[in-house]
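Trainee: I would like to take a close look at a single part of this structure. May I ask for a connected account of that part and its surroundings?

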Amino acid sequence: MCMNNIQERATSFLSVLRHCQVLGMTVEQADEEGLIIRLPYSPAIVGNPVSGVVHGGAITTLMDTCCGISTVCYLPEFEICPTLDLRIDYMHPAEPGKAIYGFAECYRITPTVIFTRGVAYQDDREQPIAHVVGTFMRMGKPDAKGQLSRKIDGETQ
């Protein structure tokens, strides 16, 4: 799979997610090893206006998005893959005033589910703000009309 193609697909996917546009998220790296997304620090993500600490929901949004989009690094074609489950373990608060990066990779792909893992960090991936694991359902590739053709339990969606 061409590395540029992966980067383009990840960037394209992120660009259609309105909440990610509002938060200023950008794809920093996307290749066969995984995905890195940058969430810039801004007043919109502050949870405590006195200390400037980032709200946990902003980190959850970053990591759900990062894990979900990481699927394009591993699948040969785009597929609809909604979140089934996401678990985040917070290690420590993010340092105010600094961007937060999300890294995610897929570590197992089955015909119906994709398993991902990753970390949120600032300066050093080895000093994570949070660890994440997520599972995503493979709904298949939409047809020309945008409909899903995968059959689940014998029924067409």
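Which strands does α3 lie across, and at about what angle does α3 run to β6?

Mentor: The model is predicted, and the account below should be read accordingly. Helix α3 lies across β2, β5, β6, β7 and β8, and α3 runs at about 40° to β6. The helix itself covers residues 56-69, which makes 14 residues. From its first C-alpha to its last, α3 reaches 20 Å, close to the 20 Å expected at 1.5 Å a residue.

The strands beneath discussion belong to an open sheet of six, ordered β1-β2-β6-β7-β8-β5, with antiparallel pairing. At its edges are β1 and β5 (83-90), each of which pairs on one side only. On average, neighbouring strands of this sheet are turned by 15° against each other, direction ignored. The antiparallel pairing of β5 with β8 runs over seven bridges.

Several residues of α3 are buried, including Ala-58, Ile-59, Leu-62, Met-63, Cys-66 and Ile-69. In soluble globular proteins, nonpolar side chains tend to be buried together. The largest nonpolar core here has 35 residues, of which Met-25, Leu-35, Ile-37 and Ile-100 touch the most other members. The elements that each supply at least two residues of this core include α3, β2 (34-39) and β6 (100-109). The largest share, seven residues, comes from α3.

Leu-35 gives a detailed view of these surroundings. Among the residues that Leu-35 touches are Cys-66 and Ile-69, both of them buried residues of α3. Leu-35 also touches Val-27, Gly-102, Phe-103 and Ala-104, among others.

Note on methods:
Residues numbered from 1 in each chain as written. Predicted model: local features only at pLDDT ≥ 70, side-chain atom pairs only at ≥ 80, totals over all residues. Heavy atoms only, no water. Helix = DSSP H or I, 4+ residues; strand = E, 2+ residues; numbered from the N terminus. Expected span 1.5 Å × (residues − 1). Buried < 20%, exposed > 50% of the residue type's maximum accessible area, 1.4 Å probe, protein only. Core = buried A, V, L, I, M, F, W, Y, C linked by side-chain atoms within 4.5 Å. Contact = heavy atoms within 4.5 Å. Pairing = 2+ DSSP bridges. Axes fitted to C-alpha atoms, helices over the stretch in contact; angles between N-to-C directions. Lists of a residue's contacts leave out its neighbours within four places in sequence.
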